[in-house]
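Work through the exercises below with the model open. Each task is followed by a stepwise solution.

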Amino acid sequence: IEGLDRAGTVGGVTIFHAGTRLDADGTVRVSGGRVLAVTALGPTTDDARARAYAAVDCLHFDGMQFRRDIAAAPAASRGAFRTEVPGR
């Protein structure tokens with residue numbers, strides 16, 4: 001999986017591994033299924049969504065697929081849903 005280090009530097013982002021494995025040389029490889037879950041926190045839904053997709057845009061592996069509609073409804077409503085994150 002290319003770009004994990006770079007994706008991990010996007011503020012507020014957490015990447016959860018599911019279908020991955022670590023080779024003996026330390027390389028993270030795809031092992032099948034739903035490979036990663038990229039999540040993010042931000043002062044607004046729009047900000048959190050932008051952070052998550054900025055991290056996704058850093059990632060690449062053969063056969064990679066992802067959805068672009070996650071949190072699209074709250075983002076479209078422009079502020080109807082606001083998340084407060086203490087200390088951020």
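**Exercise 1.** Locate alanine 71 and describe its backbone and exposure.

Solution.
- Step 1: alanine 71 sits in the loop that links helix 2 to helix 3 (72–76). Helices are DSSP runs of H or I with at least four residues, strands are runs of E with at least two, and both are numbered from the N terminus.
- Step 2: its phi is positive, about 65°, although alanine 71 is not a glycine. Most residues other than glycine have a negative phi.
- Step 3: alanine 71 is partly exposed, at a relative accessible area of 30%. Buried means under 20%, exposed over 50%, and partly exposed in between, with a 1.4 Å probe and protein chains only.

The model is predicted: local features need pLDDT of at least 70, side-chain atom pairs count only at pLDDT 80 or more, and totals for chains, interfaces and linings use all residues. Residues are numbered from 1 along each chain as its sequence is written, and side-chain values use heavy atoms, leaving out hydrogens and water.

**Exercise 2.** Place alanine 73, then relate it to threonine 45.

Solution.
- Step 1: alanine 73 belongs to helix 3.
- Step 2: alanine 73 is exposed, with a relative accessible area of 58%.
- Step 3: alanine 73 and threonine 45 are 28 residues apart in sequence, and their C-alpha atoms are 10.0 Å apart.

**Exercise 3.** Which residues of helix 2 are buried, and why do they line one face?

Solution.
- Step 1: helix 2 (residues 45–56) has twelve residues. From first C-alpha to last it reaches 16 Å, close to the 16 Å expected at 1.5 Å a residue (1.5 Å times one less than the number of residues).
- Step 2: the buried residues are Thr45, Ala48, Ala52, Tyr53, Ala55 and Val56.
- Step 3: seen down the axis of helix 2, these residues fall within an arc of 155°, so they line one face of the helix. The arc is that of the directions from the helix axis to the C-beta atoms.

**Exercise 4.** Describe the largest pocket and its lining.

Solution.
- Step 1: a pocket is an open set of points on a 1 Å grid over the protein atoms alone, where a 1.4 Å probe fits, with protein on both sides within 12 Å along at least five of seven lines.
- Step 2: the volume of the largest pocket is about 710 Å³ (the space filled by probe spheres set on the points, joined across faces, edges and corners).
- Step 3: its lining has 28 residues, each with an atom within 4 Å of a point. Leu36, Val38, Val56, Phe66 and Ile70 lie nearest the centre.
- Step 4: helix 2 gives the largest share of the lining, six residues.
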